[in-house]
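Trainee: I should like to take a close look at a single part of this structure, namely the surroundings of the ligand. Could you describe that part and then place it within the rest of the chain?

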Amino acid sequence: MDYTNMAAYYDVIMTSGYYDYPGIVDSLLSHPPIQNVIEIGCGTGLILEEIAKREPSMRLKGIDLTQAMLDIANQRLKVYSNIELSQQNVVDFDLGEQYDVAFSYGGVWYFVIDGDQEPFMVSHIADHDLNVLGLKQLALHLKSGSQLLLGIQGPHFNYDKTISNGMTYAQEIIPTDIGFIKHYFLLDKSKEVMAQTVNYRTYTFSEAKALLGVHGIEYVSKDAGSKFLRFQKN
Ligand SMILES: C[S@@+](CC[C@H](N)C(=O)[O-])C[C@H]1O[C@@H](n2cnc3c(N)ncnc32)[C@H](O)[C@@H]1O
């Protein structure tokens, strides 16, 4: 799913409290030793920056479909020689390398946990066959014994709020047969300055475990900080 429309406003929305970036990185780095890491759907590089600040010698790779997001990431991360970015669609990427940790946070795949209910997996890719292809490519990039960390989010709901630049961020969720549609808007007073719609596919926890299990990727646990569900590749 292309994020070009949102790219210019992404950082101001996200750093107005949408994600807890330091907490995400605490969780990511909580199971050393880790030498090389890949982020799937790295966006504007906010998580990679936080990792690089703490771990200047760790080899970091970020892939993302949307060049406009990567342009911002390149600018942000140019001071870090240990980070490489690449424009790739996860459904057919092949970097010829395997990693100790692969993670995605709000990126291509993530989990939603609503209270005591079972987690369900959300995909930015609406087509099922493309999800199958993407997970196959992802598995090819994981070393034996490596970890796959998929971010956890709370339930999505309709709301609007004023963000740090004074604009209003709003989102609206509409259930569909395959998952849900999410409309994102940014309003300056009453003028719409950004609108984006994502058609998400969802999978039950058992469907997600089966999709990953085919590639020897097994569920391990929820991380202590509840930022990620942790999987391991056999
Ligand atoms: C909500 S952003 C998350 C960015 C980043 N992980 C963060 O925490 O700020 C989702 C990102 O996933 C990327 N994405 C969506 N579908 C993709 C695909 N098929 N292949 C690669 N990246 C994709 C989008 O371009 C977007 O930058």
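Mentor: A residue is taken to be near the ligand if its C-beta atom, placed from the backbone, lies within 6 Å of it. The model is a predicted one, and the description below should be read accordingly.

There are 23 residues around the ligand, and those that come nearest are Gly 41, Gly 43, Leu 65, Thr 66 and Val 90. Two elements, α3 (46-54) and β2 (59-64), each give two or more residues to this shell. Its make-up by class is 15 nonpolar, seven polar and one charged residues.

The two elements that supply the shell also take part in the packing around helix α4. In this helix, which spans residues 67-77, Met 69, Leu 70, Ala 73 and Leu 77 are buried. Viewed down the axis of α4, the buried residues fall within an arc of 95 degrees, so they line one face of the helix. The general geometry agrees: an α-helix has 3.6 residues a turn, so residues three or four places apart point the same way. The cover over the buried residues of α4 includes α3 and β2, together with α1 (4-18) and β3 (83-87).

Helix α1 also holds Thr 15. This residue counts as partly exposed because 14 C-beta neighbours lie inside 10 Å, and partly exposed residues fall between the limits of 12 or fewer for exposed and 20 or more for buried. Thr 15 and Ile 163 are 148 residues apart in sequence, yet their C-alpha atoms are 8.9 Å apart in space.

The interior may be considered next. The largest nonpolar core has 57 residues, and Ile 47, Leu 48, Ile 51, Ala 102 and Leu 150 are those with the most contacts inside it. Beyond its neighbours within four places in sequence, Leu 150 is in contact with Ser 104, Trp 109, Tyr 110, Phe 111, Phe 228 and Leu 229.

These parts belong to a chain with six helices and 13 strands. The radius of gyration of the chain is 17 Å, close to the 17 Å that the globule rule gives for 234 residues, so the chain is as compact as a globular protein of that length. Along the principal axes, its C-alpha atoms fill a box of roughly 50 × 45 × 35 Å. Of the 234 residues, 35% count as buried. Among contacts between residues at least 6 apart in sequence, 63% join residues at least 24 apart.

Three places in the loops deserve attention for their backbone geometry. A cis peptide bond, with omega about 0 degrees, joins Pro 32 and Pro 33; Pro 33 is found in the loop between α2 (21-28) and β1 (36-40). Lys 189 has a positive phi of about 55 degrees although it is not a glycine, and its place is the loop between β10 (179-188) and β11 (191-203). Lys 189 is exposed, with 8 other C-beta atoms within 10 Å. Ser 226, in the loop between β12 (217-222) and β13 (228-233), has a positive phi near 55 degrees and is likewise a residue other than glycine. With 12 C-beta neighbours inside 10 Å, Ser 226 counts as exposed.

How values were computed
Residues numbered from 1 in each chain as written. Predicted model: local features only at pLDDT ≥ 70, side-chain atom pairs only at ≥ 80, totals over all residues. Helix = DSSP H or I, 4+ residues; strand = E, 2+ residues; numbered from the N terminus. Nonpolar A, V, L, I, M, F, W, Y, C, P; charged D, E, K, R; others polar. Rg over C-alpha atoms; globule rule 2.2 N^0.38 Å. Contact = placed C-beta atoms within 7 Å. Core = buried A, V, L, I, M, F, W, Y, C linked by C-beta atoms within 7 Å. Arc of directions from axis to C-beta.
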